[in-house]
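Open the model in your viewer and keep the selection tool at hand. We will walk through it one stop at a time, and at each stop you will hear what to select and what is there.

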Amino acid sequence: MILDEFQEKSHVPTMVEIDKDIVPVIEEEQQIQLLRIAQESLANVDKHAQAEQVEVSLKRDGKMISLCISDDGHGFDPAHNIGDGAQHLGLKIMRGRVERVGGSLTIQSKPGTGTQVTARVPYTHTNGEFAK
Amino acid sequence: MSASTDTAIRVMLVDDHELFRNGIASLLNAQPDMTVIAKASDGLEAQCRAVAIKPDLILMDINMPGVGGLEALSTIRTDLPDAIIIMLTVHDEDEKVFQALRAGANGYILKNTNSEDFLRMLRDGLSKGAAISTELTGRVIAEFAKTPEPAHKMDNGLSKPALTNREKEVLVLIAEGLADKQIGQQLCISLHTVKSHVRNILSKLKVKNRHEAADVALHSNIIN
């Protein structure tokens, strides 16, 4: 639903790749925080990136669940505050969210080359085939 | 009419319902003396934003997914002791009201309040430091009335249930390392009486043994 809202508001074509098998086994708090991270990232794309394409993926990555939001917009330098620091605060909040559920956040971006935000949280489901 | 940014009350709204956040923001931004400077959708975001922007007033819901309002209230109260934090919620259960007030909320307003009363309570909260929906006031008073009168402070200002003079004498001797029998001999009281005093002292100071009681006595400057 947040992806539909984003596309409607920003008119940026969004490619979505979600591993539906893992969605039901992500812990509730992890789901909440990953959802908020996705919302914040997409809001940043809409506000700052001037992107022509966005890709969102949610999949299993070994023992981790990986949420990745990437765009082809004009990027930024993660080492510097942006404007009045609002975007910097947004990234700090995202980092707080993912760390609260035992995960980590990686931001790759350079001016002119787009941005990729990756949140990884530990996969905790221990039942049946998903434990492999 | 929007507020002048120099003197307006800077408000942060914290609620997981976007429609509600936007509605309250519109109401507040239409006031001449208020401006909404930030919105957060949960307690974690509220904690980060509050420290960064130091709002004059925080309006916060209690039930939010992830970090809820009561958890965020405790953290923000520690980080920003002077902030006015008012809970704005549907929950009118005693437990939540009392928990919020004990955790340092300046007020508790129910969401079914009308706009006029709501704005009056916000302004009261800012000018007088407290704002509670009237239907809750009686319950808060009743809860307060149940609380025992605070015990007198010890001579040194440490706020604990009052020790009697004899108990203080016994505590001094405990801190000096005397055993019960020696305490009895020094104070000319029976061993049975000493043990009774020691039990009372441990209970009043909420400690497990005489060593902990001695620590309390030393740190409270009862003994030079």
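Throughout the tour, a residue is called buried under 20% relative accessible area, exposed over 50%, and partly exposed in between, using a 1.4 Å probe and protein chains only. This is a predicted model, where local features need pLDDT of at least 70, side-chain atom pairs count only at pLDDT 80 or more, and totals for chains, interfaces and linings use all residues. Residues are numbered from 1 along each chain as its sequence is written, chains are lettered from A and ligands numbered from 1 in the order in which they are written, and side-chain values use heavy atoms, with hydrogens and water left out.

**Stop 1: chain A as a whole**

Select chain A and switch to cartoon. You should find 3 helices and 5 strands, in the order α-β-α-β-β-α-β-β along the sequence. Helices (H or I, at least four residues) and strands (E, at least two) are DSSP runs, numbered from the N terminus. Chain A has 132 residues, and 44% of them count as buried.

Now turn on the surface. About 7,400 Å² of chain A is exposed, with carbon and sulfur atoms supplying 50% of that area. Accessible areas come from the Shrake-Rupley method with a 1.4 Å probe, and for residues only the protein chains shown count as cover.

If you like contact maps, draw one here, taking contact to mean heavy atoms within 4.5 Å. Of the contacts in chain A with a separation of 6 or more, 64% are between residues 24 or more positions apart.

**Stop 2: a nonpolar patch on chain A**

Select A:Val16, A:Ile18 and A:Val23, which make a nonpolar surface patch of about 200 Å². Patches are made of residues with over 30% relative accessible area and no salt bridge; like charges are joined within 9 Å, and nonpolar side chains (Val, Leu, Ile, Met, Phe, Trp, Tyr) within 5 Å. Zoom in on A:Val16, which lies in strand β1 (residues 14–18) of chain A. Is A:Val16 buried, partly exposed or exposed? With a relative accessible area of 44%, A:Val16 is partly exposed.

**Stop 3: a salt bridge between two strands**

Next, show A:Arg120 and A:Asp61 as sticks. They form a salt bridge, with the closest N and O atoms 3.2 Å apart. The pair links distant parts of the chain, 59 residues apart: A:Arg120 sits in strand β5 (residues 115–122) of chain A and A:Asp61 in strand β2 (residues 54–61) of chain A. The rule for a salt bridge is a side-chain nitrogen of Lys or Arg within 4 Å of a carboxyl oxygen of Asp or Glu. A:Arg120 is partly exposed at 28% relative accessible area, and A:Asp61 is also partly exposed, at 35%. By this rule, there are 20 salt bridges over all chains.

**Stop 4: across to chain B**

Keep both chains visible and select A:Arg97, B:Asp42, B:Glu45 and B:Arg49. These residues are linked in a network of salt bridges.

Then colour chain B by secondary structure to see its 10 helices and 6 strands. Chain B has 224 residues, of which 44% are buried. Its exposed area is about 11,900 Å², and carbon and sulfur atoms supply 52% of it.

**Stop 5: around B:Arg10**

Centre on B:Arg10, in strand β1 (residues 9–14) of chain B. B:Arg10 is partly exposed, with a relative accessible area of 25%. Which residues does B:Arg10 touch, not counting those up to four places away in sequence? They are B:Thr35, B:Ile37, B:Ile53, B:Lys54, B:Pro55, B:Asp56 and B:Leu57. For a distance check, pick the C-alpha atoms of B:Arg10 and B:Thr35: they are separated by 5.3 Å, although the residues are 25 apart along the chain.

**Stop 6: two crossing helices**

Finally, select helix α7 (residues 165–175) and helix α9 (residues 191–205) of chain B, whose axes come within 10 Å and cross at roughly 90°. Axes are lines fitted to C-alpha atoms, for helices over the stretch in contact, and angles run from 0 to 180 degrees between N-to-C directions. The two helices α7(B) and α9(B) are therefore roughly perpendicular to each other, a label that covers 65 to 115 degrees, while angles under 35 count as roughly parallel, over 145 as roughly antiparallel and the rest as oblique.

Within this pair, show B:Lys204 and B:Glu167, which form a salt bridge with the closest N and O atoms 2.9 Å apart. B:Lys204 belongs to helix α9 of chain B and B:Glu167 to helix α7 of chain B, 37 residues apart. B:Lys204 is partly exposed at 23% relative accessibility, whereas B:Glu167 is buried at 3%.
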